[in-house]
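User: I would like a close look at how helices pack in this model. Please keep the answer plain and connected.

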Amino acid sequence: MDESRFIKMININPTLIENIENPTDEMKLLAVKKNGLVLKYIENPTKEMQEIAVSKNAKAIEYIENPSEEIMLKAVSSGWSSLAYIKHPTEKVVEAAIEQAGWAIQYVKNPSEKLQLLAIKKNYDAIKYIEDPSEKVQLEAIKINYDALRYIKNPSRDVEIEAIKGNESAINFIQELDEDKMIEFLKQNILVVKYLYKKMSAEKIEQALKEVISKEDVEEKYIRDFLNCSIIDRNSDAIPLDKVMFVYKYGSKKAKKIAVDEKLKLI
């Protein structure tokens with residue numbers, strides 16, 4: 001069979017290159033131009049063949065024995081998931097993949113803290129692919145989105161607190177919720193009370209409130225959230241309490257000033 005016939009066959013079905021003995025470079029180039037993955041059937045592909053194959057399908061990198069950094073970068077720039085097919089990526093290649101999508105961290109063995117941070121800053125939920133993220137990485141992910149807490153197996157107390165401060169709904173992702181934790185969370189974000197009031201006595205909740213609002217450095221948001229919390233209200237069935245009087249009785253000067261300002265807003 002003459003070469004032109006082989007060319008026509010490859011043009012129709014490039015995988016036929018596998019069955020051609022000693023194919024010419026022209027045949028090989030045509031095959032990879034049609035389907036990058038046929039690189040698996042080509043021995044000692046030239047740099048040009050590698051580049052064409054990878055540009056056609058980034059997964060073709062799997063069939064290059066010792067790809068250059070340039071070829072690896074070309075592959076991950078075409079698709080971050082192609083990192084999965086690179087046996088020995090350089091740091092630059094890994095970073096390039098992660099800069100496209102933090103989820104690429106799943107293909108990195110024992111990633112450094114630097115790479116972990118790069119990944120979660122790109123996609124906070126990439127933390128689910130990190131086996132043992134450092135506390136710094138956990139906190140960074142939580143600051144971006146409290147939802148990251150659901151993906152952390154053993155968060156530290158500081159991480160849990162940071163998540164609660166960010167959004168009271170984070171309580172749904174916290175395991176082993178004892179009374180000490182609940183009190184601490186109430187002190188950080190009063191709005192978490194809507195998840196805890198059935199698990200704690202009103203006395204415990206009020207005591208936690210007293211400790212917070214009596215401080216001169218109490219956060220303005222905390223006081224405003226307290227005053228606008230529907231769970232705690234003098235007409236509430238959950239925690240009946242006159243909040244304005246409560247602040248007047250137990251609050252610091254700062255707390256009282258904020259309360260007056262908030263009350264004036266409602267007039």
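At what angle do the axes of helix α11 and helix α13 cross? Please go on from there to the other helix pair, the core and any buried charged residue.

Analyst: The model is predicted, and what follows is computed from it. Helix α11 covers residues 202-213 and helix α13 covers residues 243-250. Their axes cross at roughly 55 degrees and come within 10 Å of each other. Angles of 65 to 115 degrees count as roughly perpendicular and those under 35 as roughly parallel, so α11 is oblique to α13. The crossing of α11 with α13 is right-handed. On the α11 side, the residues in contact are Glu206, Leu209, Lys210 and Ile213. On the α13 side, they are Phe246, Val247 and Tyr250. Sorted by class, this contact has five nonpolar residues, two charged ones and no polar ones.

The second pair is α8 with α9. Helix α8 spans residues 157-166, helix α9 spans residues 179-188, and the two pack with axes 9 Å apart at an angle of about 45 degrees. This pair is therefore oblique as well, and α8 and α9 also cross in a right-handed sense. From α8, Arg157, Glu160, Ile161, Ile164 and Lys165 take part, and they meet Lys181, Glu184, Phe185 and Gln188 of α9. The make-up by class is three nonpolar, one polar and five charged residues.

Within α8, the buried residues are Val159, Glu160, Ile161, Ala163 and Ile164. Helix α9 is among the elements that cover them, and so is α7, residues 135-144. Glu160, Ile161 and Ile164 thus appear both in the contact with α9 and among the buried residues of α8.

Next, the core. In soluble globular proteins, nonpolar side chains tend to be buried together. Here the largest nonpolar core holds 82 residues. The members that touch the most others are Leu83, Leu186, Val193, Phe226 and Ile232. Leu186 lies within the residue range of α9. Leaving out residues up to four places away in sequence, Leu186 touches Val192, Val193, Leu196, Met200, Ile205, Ala208 and Tyr222. Ile205 and Ala208 fall inside the range of α11, residues 202-213.

Last, a buried charged residue. Lys28 sits in helix α2, residues 25-34. Its relative accessible area is 15%, and the cut-off for buried is under 20%, so Lys28 counts as buried. Apart from neighbours within four places in sequence, Lys28 is in contact with Ile17, Pro23, Ile42, Glu43 and Met49.

Note on methods: Residues numbered from 1 in each chain as written. Predicted model: local features only at pLDDT ≥ 70, side-chain atom pairs only at ≥ 80, totals over all residues. Heavy atoms only, no water. Axes fitted to C-alpha atoms, helices over the stretch in contact; angles between N-to-C directions. Helix = DSSP H or I, 4+ residues; strand = E, 2+ residues; numbered from the N terminus. Parallel < 35°, antiparallel > 145°, perpendicular 65-115°, else oblique. Left-handed = near helix turned anticlockwise from the far one by under 90°. Contact = heavy atoms within 4.5 Å. Nonpolar A, V, L, I, M, F, W, Y, C, P; charged D, E, K, R; others polar. Core = buried A, V, L, I, M, F, W, Y, C linked by side-chain atoms within 4.5 Å. Buried < 20%, exposed > 50% of the residue type's maximum accessible area, 1.4 Å probe, protein only.
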